[in-house]
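Notebook open, coffee poured. I want to go through this one strand by strand and jot down what I look up.

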Amino acid sequence: MTRGIKIFCFVFLFLSSLISVAQDMHFSQFNSSPLTLNPALSGFFSGTHRFTLSNKNQWRSVSVPFRSVSASMDMPIIKRYLKHDLFGGGFVVNRDQAGDSKFGTTQANLSFSYIRSINRINNQFVSFGIQAGAAQRTIDYASLIFDNQFNGSFYDPQLSNNESFATSNFVFFDLSAGAYWHLMYKNKMDFNAGLSVFHINTPRQSLFGDENIRLDRKIVFHATSKADVYRRTMVIPSLLIMKQGTYFEVNIGSIVKYVKTSAIENYLAVSFGTYFRVGDALNFVTGLDYKTWSLGLSYDINISNLTPASQARGGFELSIIYIINKNQQYYVKKIPCPIF
């Protein structure tokens, strides 16, 4: 088989897997990207405005790097102190691009949530959220290699590929929803868990106008706990389970955080930890919290069947969270309470 045809077959199979599986982008630091994790998390934090940014690059050792970027802003919109509830809202913009064909998705979503205390001492909350928006899929056919561009001796990019494509982009509407539960215990421990469903409307995904090719619903379960274990040290274990079509992911691990300065005006903490994405990768993460900023840096070590090609290298991920609280001079670092 000639080199040109081999390249064409590889690209064809690669694109076919992308279109048929249509797996969403996902972040190793999933707790640092709340609006891509669960719409019910919109406005669920201590403060008036929250800004987040997540950026992941992976598979540089295998092919053209895959890049995923997500930026969001959310806030409590209406607080009703007498009823112990609030309405939250926000928006998130995602950009995902993969491979030589620059197969990418650009998406903008609005999120709304309702958060309520379910007991008199205000240490247990439930929230429900909905997220809706539009997305565009794009592909650059000019960057691909086809067998018609092989002249018998070598690949000639000047030759026509003699292919007729239905479209190089399309737009679709997307709808998601979620629920979330949060419990605080004596200000030393907290527990939370959430369940969300993305792509409820299963939007069409075919570049060839086939209405039968749809984006599978994604079901996400996530849970996190936080406990003070020794003086200024706390342990934060987390679990993430995702199911989308034939794709199934389990991510489990823990972070250890040490608070160096607890004074509210100069809060400083460092953290480190490890997550295991079952059958795929080990993720090592470190973080820094300073005042109202939270920075995270992680690296995936690939341990899947792709290891011979990836050489165990996965990719870097950076996360940034910035919180503003206009209602007080300094932001108090504590377990999030969205009501008071």
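**Hairpins first**

I started with β10 and β11, which form a hairpin with 6 residues between them. Strand β10 covers residues 247-261, and I found 10 bridges joining it to β11 in an antiparallel arrangement. To fix the register, I noted that V259 stands opposite A269 in β11.

Then I looked at the other partner of β11. Strand β12 (residues 281-290) runs antiparallel to β11, with 10 bridges joining the two. Here S271 is the residue opposite G287 in β12. The hairpin of β11 and β12 has 3 residues between the strands, and in it G279 takes a positive phi near 75°.

Which side chains of β11 are buried? I went along residues 268-277 and got an alternating pattern: A269, S271, G273, Y275 and R277 point to one face and are buried. L268, V270, F272, T274 and F276 point to the other face and are not buried. So both of my register markers on this strand, A269 and S271, belong to the buried set, given the cut-off of under 20% relative accessible area.

**Positive phi, not glycine**

I looked up two more backbone oddities. H199 has phi near 60°, a positive value in a residue other than glycine. I placed H199 in the loop between β7 (189-198) and β8 (218-230). R231 isn't a glycine either, yet has a positive phi of about 50°. That residue sits in the loop between β8 and β9 (233-244).

Buried or exposed: what about H199? Its relative accessible area is 4%, so H199 counts as buried. R231 comes out at 74%, so R231 counts as exposed.

**Whole chain**

Note to self: this is a predicted model. The mean pLDDT is 85, and 84% of the residues reach 70 or more. Over residues 1-21 the pLDDT is below 50, though I see this stretch has 22 contacts in the model beyond near neighbours in sequence. Where pLDDT is low, the predicted coordinates should not be read in detail, so I'm leaving those contacts alone.

For secondary structure I logged 3 helices and 14 strands. Of the 340 residues, 44% are buried. Among contacts with a separation of 6 or more, 57% are between residues 24 or more positions apart. The protein exposes about 17,300 Å², and carbon and sulfur atoms supply 62% of that area.

Terms used
Residues numbered from 1 in each chain as written. Predicted model: local features only at pLDDT ≥ 70, side-chain atom pairs only at ≥ 80, totals over all residues. Heavy atoms only, no water. pLDDT = per-residue confidence, 0-100. Contact = heavy atoms within 4.5 Å. Helix = DSSP H or I, 4+ residues; strand = E, 2+ residues; numbered from the N terminus. Buried < 20%, exposed > 50% of the residue type's maximum accessible area, 1.4 Å probe, protein only. Areas by Shrake-Rupley, 256 points an atom, 1.4 Å probe, with all protein chains shown as cover. Pairing = 2+ DSSP bridges.
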